[in-house]
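Let's walk through this one together, starting with the contacts and then moving on to symmetry and local geometry. Keep the viewer open as you read.

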Protein chains: 2
Amino acid sequence: MLRPKLIDVAREAGVSPTTVSRVINNHGYLSEETKNKVFQAMKRLNYQPNSIARSLHGKKTQLIGVIFSSVSNPFFGELVEKIENKLFKLGYKTILCNSADNKEKERVYLNMLIANQVDGIIAGAHNLGIKEYEKVGLPIISFDRYLSSTIPIVSSDNYAGGVLATQELYQSGARKIYFFASSHTPNSPTDKRRVGYLDTIKKLQLEAHEKVIASATPSSVKALMIRQILSTEQIDGIFCSDDLTALIVLRQAKELGIRVPQDLKVIGYDGTQFIQKYHPELTTIAQPINDMAELLVELLLKRVTDEQSELKEHYVLPVKLIRNQSSLQFI
Amino acid sequence: MLRPKLIDVAREAGVSPTTVSRVINNHGYLSEETKNKVFQAMKRLNYQPNSIARSLHGKKTQLIGVIFSSVSNPFFGELVEKIENKLFKLGYKTILCNSADNKEKERVYLNMLIANQVDGIIAGAHNLGIKEYEKVGLPIISFDRYLSSTIPIVSSDNYAGGVLATQELYQSGARKIYFFASSHTPNSPTDKRRVGYLDTIKKLQLEAHEKVIASATPSSVKALMIRQILSTEQIDGIFCSDDLTALIVLRQAKELGIRVPQDLKVIGYDGTQFIQKYHPELTTIAQPINDMAELLVELLLKRVTDEQSELKEHYVLPVKLIRNQSSLQFI
DNA sequence: TTCGGTATGTCAATCGTACGTCACAAAGTT
DNA sequence: AACTTTGTGACGTACGATTGACATACCGAA
């Protein structure tokens, strides 16, 4: 039978529908024998309780909305994959939302998630105003961006990352150190990388040089911008706020005959498995993707199961410098 | 009010719940005035119809299950992203399932999707037997793998890809041409790449050389295996059945001082945007990711809206050779 | 025998929405 | 004035499962 319902199981097992429901929900008095009869009937019919009908009863839907700008970016891809895995282990399903950094799409998604009665949202893309997120009235945890005082943020220690990267470049001999930002949104956690860079540069009594290379820029244009900078300025160190930009830097440097790390040292940011596997030459600041996923899920479920649970406003996880050839000191 | 229901809107608008329902579904006779009253009330209350309750009424859930082994692989990441986008445009939501090539996980996912009353499934990972998919009783479209005669397959022209790649290597001068397979599952559409390679090699009266470098292998081990082969055999052409393996080949060749393309020509497979952007030196066979996503969604929705619709068993989309430096003829 | 605990069944209400049916009113037609 | 057309809203039932109240039946123990 295709898509049998509770009453079919009852018939098959020779018990009342109520008993079946009780067995499923382990509710009230039940003999082992009855339980077995029911379980076997369920198996025979390949019965799956209709979770739609269940959640209509005010039960949870076990659905979690996960909003990120794009899973085709390896960093988000890996993060989303980890999140999905952990949610799955805990019996939750992931509704994927690629907002593509599109405000309208994000708004529609948000409403859609509400309509679908998701139990909570993990939000990693924020183009909407705070208000829209506040009136959602659902447990939300934010990744790496400030939404509102009631919505906890999970991020890695972007400031420390900025400091680490700058120090590393300095220690391996760089003196004219650039920062390539992939966006410029002051006060966002990501911006702390920049602040870390600036503070360190100051402490080292060097001059700060920032360039914004917006992440939305087509990569060919990025390449041109970078080539332009590399060929006109005398640079010996670059700290990129993401690994992909760093890859472009490495490529352009090579094409221009600038040797890495002899003439130029480069550090990226994110440290995905992907980069570590396929670009082991790149020094990078690795975010603890697995731990962040873990924490995002844990905090969200805490809110889901207990609305009142007190969470901190900001959870900061440590980053790690992965030193590779692109930042080696050349003796 | 948080999560108002239809009846609240009715009260707010001063009409009956029925009228609200009719306005929402544009059903029956309605005056402009009433419509406006209702719409405004909806807006005031920030009302979202509870799609759970709607779908209980035998309506569609507008949910589609998307099963792939892993979105952290850029190829699947990009494909899933495209799929999700197209589904979204058509009013469907994507439930993401990363099966991690785990049979048990896939089975649980399948049941979960049934329980959630998804309207259909796009399956790109198949470790389960045909039976399990057949008894799902839902519209399913498969990506790149054979499931059962009733489940249509969408894939790119893997055979042509195998032929193209081998020809390209030959034409640019390679004579000892290896095929690095990322899996060995005979009869799968992906295996056609191998068949294309073998047929072409035969036609060219060359000797075939195959190595299986399982995609589950840790990349460091892959690197070792490849290094081993490169350093012991006299090879001048390698056709990898995915781009990532090709990247490892390029790296190992470089480390061994084997020049590409002078001494060795390399071709990958997949041709993601990612590879094109960040590894423009790699020649590759590009699968039409966007078209495949489009077709997967289109066929699935055809089945969803009309169960009887006749679909072909296999849809094959053309591939394209993207010629780059790694396979250039060196004069 | 009777009581208490255990095991199962029956019945009905409930969740939020959809929608067919019906009744009625206003407007238009003859 | 009698009749049709059309707009409007009420009502009731259905969707599939949950849950509580209550009844019934059985068992062994006091």
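A polar contact here is a pair of N or O atoms within 3.5 Å; within protein, one must be able to donate a hydrogen and the other to accept it, and residues adjacent in sequence count only if both atoms are side-chain atoms. With that in hand, look at Ala53(A): a polar atom of its backbone sits 3.5 Å from a base nitrogen of DNA strand D.

Before going further, a word on bookkeeping. This is a predicted model, in which local features need pLDDT of at least 70 and side-chain atom pairs count only at pLDDT 80 or more, while totals for chains, interfaces and linings use all residues. Residues are numbered from 1 along each chain as its sequence is written, chains are lettered from A and ligands numbered from 1 in the order in which they are written, and side-chain values use heavy atoms, with hydrogens and water left out.

Let's stay with DNA strand D. A residue is near a strand if one of its heavy atoms lies within 4 Å of it, and 24 residues surround DNA strand D in that way. The closest are Lys59(A) from one chain, and Ser16(B), Arg22(B), Tyr29(B) and Ser31(B) from the other. If you look from the DNA side, 61% of the atoms of strand D within 4 Å of the protein belong to sugar or phosphate, and the rest to bases. Two phosphate contacts are easy to pick out: a polar side-chain atom of Ser21(A) lies 3.2 Å from a phosphate oxygen of DNA strand D, and a polar side-chain atom of Tyr47(A) lies 3.1 Å from a phosphate oxygen of that strand.

Which secondary-structure elements supply this surface? Helices (H or I, at least four residues) and strands (E, at least two) are DSSP runs, numbered from the N terminus. On that basis, α2 (17-25) and α4 (51-56) of chain A, along with α2 (17-25) of chain B, each supply at least two residues of the surface near DNA strand D. The most comes from α2(A), with four residues. By residue class, the surface near DNA strand D has seven nonpolar, twelve polar and five charged residues. In this scheme Ala, Val, Leu, Ile, Met, Phe, Trp, Tyr, Cys and Pro count as nonpolar, Asp, Glu, Lys and Arg as charged, and the others, Gly among them, as polar.

Now for DNA strand C. It is surrounded by 25 residues, and the closest are Thr19(A), Thr34(A), Lys5(B), Arg54(B) and Lys59(B). Sugar and phosphate make up 67% of the atoms of DNA strand C that come within 4 Å of the protein. For a base contact, go to Arg22(A), where a polar side-chain atom lies 2.9 Å from a base oxygen of DNA strand C. On the phosphate side, an N or O atom in the side chain of Tyr29(A) is 3.2 Å from a phosphate oxygen of DNA strand C, and a polar side-chain atom of Lys5(B) lies 2.2 Å from a phosphate oxygen of this strand. Here α2 of chain A together with α2 and α4 (51-56) of chain B each supply at least two residues. The surface near DNA strand C divides into eight nonpolar, 13 polar and four charged residues.

How do the two protein chains relate? Superposing by least squares on the C-alpha atoms of residues with pLDDT of at least 70 in both copies, chain A can be laid on chain B with an RMSD of 0.2 Å by a turn of 180 degrees and a shift of 0.0 Å along the axis. The two copies are thus related as by a two-fold rotation axis. In chain A, the C-alpha nearest that axis belongs to Ile95(A), at 2.2 Å. Taking contact to mean heavy atoms within 4.5 Å, 100% of the interface residues of chain A are also interface residues in chain B, so the copies meet through the same surface.

Finally, some backbone details. Most residues other than glycine have a negative phi, and most peptide bonds are trans. The peptide bond from Val260(A) to Pro261(A) is cis, with omega near 10 degrees, and Pro261(A) sits in the loop between α11 (243-255) and β9 (265-270) of chain A. Gln62(B) is not a glycine, yet has a positive phi of about 65 degrees; this residue lies in the loop between α4 and β1 (63-68) of chain B.
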